[in-house]
Each structure stands twice: as structure tokens, then as C-alpha cells.
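Here is a short report on one protein model. It takes up a helix, the nonpolar packing and the charged pairs.

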Amino acid sequence: MTLRLLLLGVLIVASFAGCETPYKKKEEDDKKPLKDQSRDQAFQAFLGRLRTAVGKKDRAMLTSLMTPDFGYRWDPAPAGETAFDYWEQMNLWPQLDLVLREQFVANDLYMVAPAQVVSDANYSGYRAGMRIIQGSWKFAYFVPGEAGAAQ
């Protein structure tokens, strides 16, 4: 009887040792180049929430949709400045809204808009990028095309 219990215990431990942990798989997936996700239901739902939050200038919702290291300018930001403050100062809310209505295409780890960012090496306008972080879509950046250029 003891031998059976011991054998059962070993089998249980061995079966769990062979399992992949879901969080490690997601972290590995975060580093793979994306395929076109523009028609993916999860991406479209995320984009819809993002567009609504931008339209309402809902900072709390936007914060929840953004990466912790969100990129919004090329130069170092002044102490205490947020992306929202910068967008207000530079009157970029309308530009952000326009870019988010453009077609998104895959580019390395990101879905980017507008599509010209990928197809036109001379494109210098604003661009937005989304990426998957730990299995969820996040808004990663909204920047002008040229370093330091505010358009």
C-alpha cells in the first residue's frame, strides 16, 4: 500500500514538472514579431476602447491602456510631465485621434499606424504603436516621425 502511494506521489510530481507555466509562454510570445492583427477581434476591441478614451480625453482609461514606459516624445520629458500634459501643450489630441483612425499594420513587435510608417521610408508624420504585453494589448507610443520634431 505504501509503495502504491509513493508511486502515485511520484507520478503526480512528474506530471506537474512537464507542464508549461502560462505566464512564461506569454512573456516569450511578447518578444516574437507580430503577424497582421488588424482584423483580430481582441485588437479591434482594444482599439475601440482606445479611440473612445482619446475622444473623451479620459486620462484614467488611457493610463490603463498604455504601457508603463509609454513613448510620447524623443527628448527627455521635464520632471512631472505626463503624455497628457504634452498633448495638451502641443494641441496633439486631434492628431492622436486622426492617427488612431488610420489602418494599422504589423511592424516587428508592434501594430503601427498609419500604414505609411512601414511602406514609406520618408514618412515623417505622427505614428502610433500598440503591442502585446503579458497577453494584453497596450498603447506603446505616439510620436512624431523625426527625433525632436514637433509637427
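## Helix α3 and its surroundings

The face of α3 turned away from its buried side carries three exposed residues: Gln41, Gly55 and Lys56. The model is a predicted one.

What lies on the buried side of α3? Phe43, Phe46, Leu47, Leu50, Arg51, Ala53 and Val54 are buried in this helix. They cover an arc of only 165° around the axis, so they sit on the same side of α3. The general rule fits in one line: an α-helix has 3.6 residues a turn, so residues three or four places apart point the same way. The buried residues of α3 pack against α4, α6, β3, β4 and β5.

The length of α3 can be checked too. At 1.5 Å a residue, its 16 residues should span 22 Å, and the end C-alpha atoms are 23 Å apart, which agrees.

Both ends of α3 have a local feature. At the start, a side-chain oxygen of Asp40 comes to within 3.1 Å of the backbone nitrogen of Ala42. Just after the helix, Lys57 takes a positive phi of about 55°.

## Nonpolar cores

In soluble globular proteins, nonpolar side chains tend to be buried together. Here, the largest nonpolar core has 29 residues. Those with the most contacts inside it are Leu50, Leu62, Trp87, Met130, Phe139 and Phe142. Two or more residues each come from α3 (41–56), α4 (59–65), β1 (66–71), α5 (83–89), α6 (93–100), β3 (110–113), β4 (127–133) and β5 (136–143). The largest share, six residues, comes from α3.

Which residues does Phe139 touch, leaving out those up to four places away in sequence? They are Phe46, Leu50, Leu65, Met66, Thr67, Phe70, Trp87, Leu96, Ala128, Gly129 and Met130. Apart from this core lies another, of six residues, including Val117, Ala140, Tyr141 and Val143.

## Charged and polar pairs

Side chains of opposite charge can pair when their charged atoms come close. A search of the whole structure finds four salt bridges. Among them are the three in this table.

| Pair | Closest N to O distance |
|---|---|
| Arg73 and Asp75 | 2.8 Å |
| Glu81 and Arg73 | 2.6 Å |
| Arg101 and Asp97 | 3.4 Å |

How exposed are the acidic partners? Asp75 has 37% relative accessibility, between the limits of 20% and 50%, so it counts as partly exposed. Glu81 has a relative accessible area of 16%, so it is buried. Asp97 is at 24%, so it counts as partly exposed. Through shared partners, salt bridges join Arg73, Asp75 and Glu81 into one network.

Glu88 belongs to helix α5. Is Glu88 buried or exposed, or partly exposed? Its relative accessible area is 40%, so Glu88 is partly exposed. Not counting residues up to four places away in sequence, Glu88 touches Lys57, Arg59 and Trp93. The side chains of Glu88 and Trp93 are joined by a polar contact of 2.9 Å. Lys57, one of the residues touched by Glu88, is also the residue with positive phi just after α3.

Conventions: Residues are numbered from 1 along each chain as its sequence is written. This is a predicted model: local features need pLDDT of at least 70, side-chain atom pairs count only at pLDDT 80 or more; totals for chains, interfaces and linings use all residues. Side-chain values use heavy atoms; hydrogens and water are left out. A nonpolar core is a set of buried Ala, Val, Leu, Ile, Met, Phe, Trp, Tyr and Cys residues joined through side-chain atoms within 4.5 Å. Buried means under 20% relative accessible area, exposed over 50%, partly exposed in between (1.4 Å probe, protein chains only). Helices (H or I, at least four residues) and strands (E, at least two) are DSSP runs, numbered from the N terminus. Contact means heavy atoms within 4.5 Å. A salt bridge is a side-chain nitrogen of Lys or Arg within 4 Å of a carboxyl oxygen of Asp or Glu. The expected span of a helix is 1.5 Å times one less than its number of residues. The arc is that of the directions from the helix axis to the C-beta atoms. A polar contact is a pair of N or O atoms within 3.5 Å; within protein, one must be able to donate a hydrogen and the other to accept it, and residues adjacent in sequence count only if both atoms are side-chain atoms.
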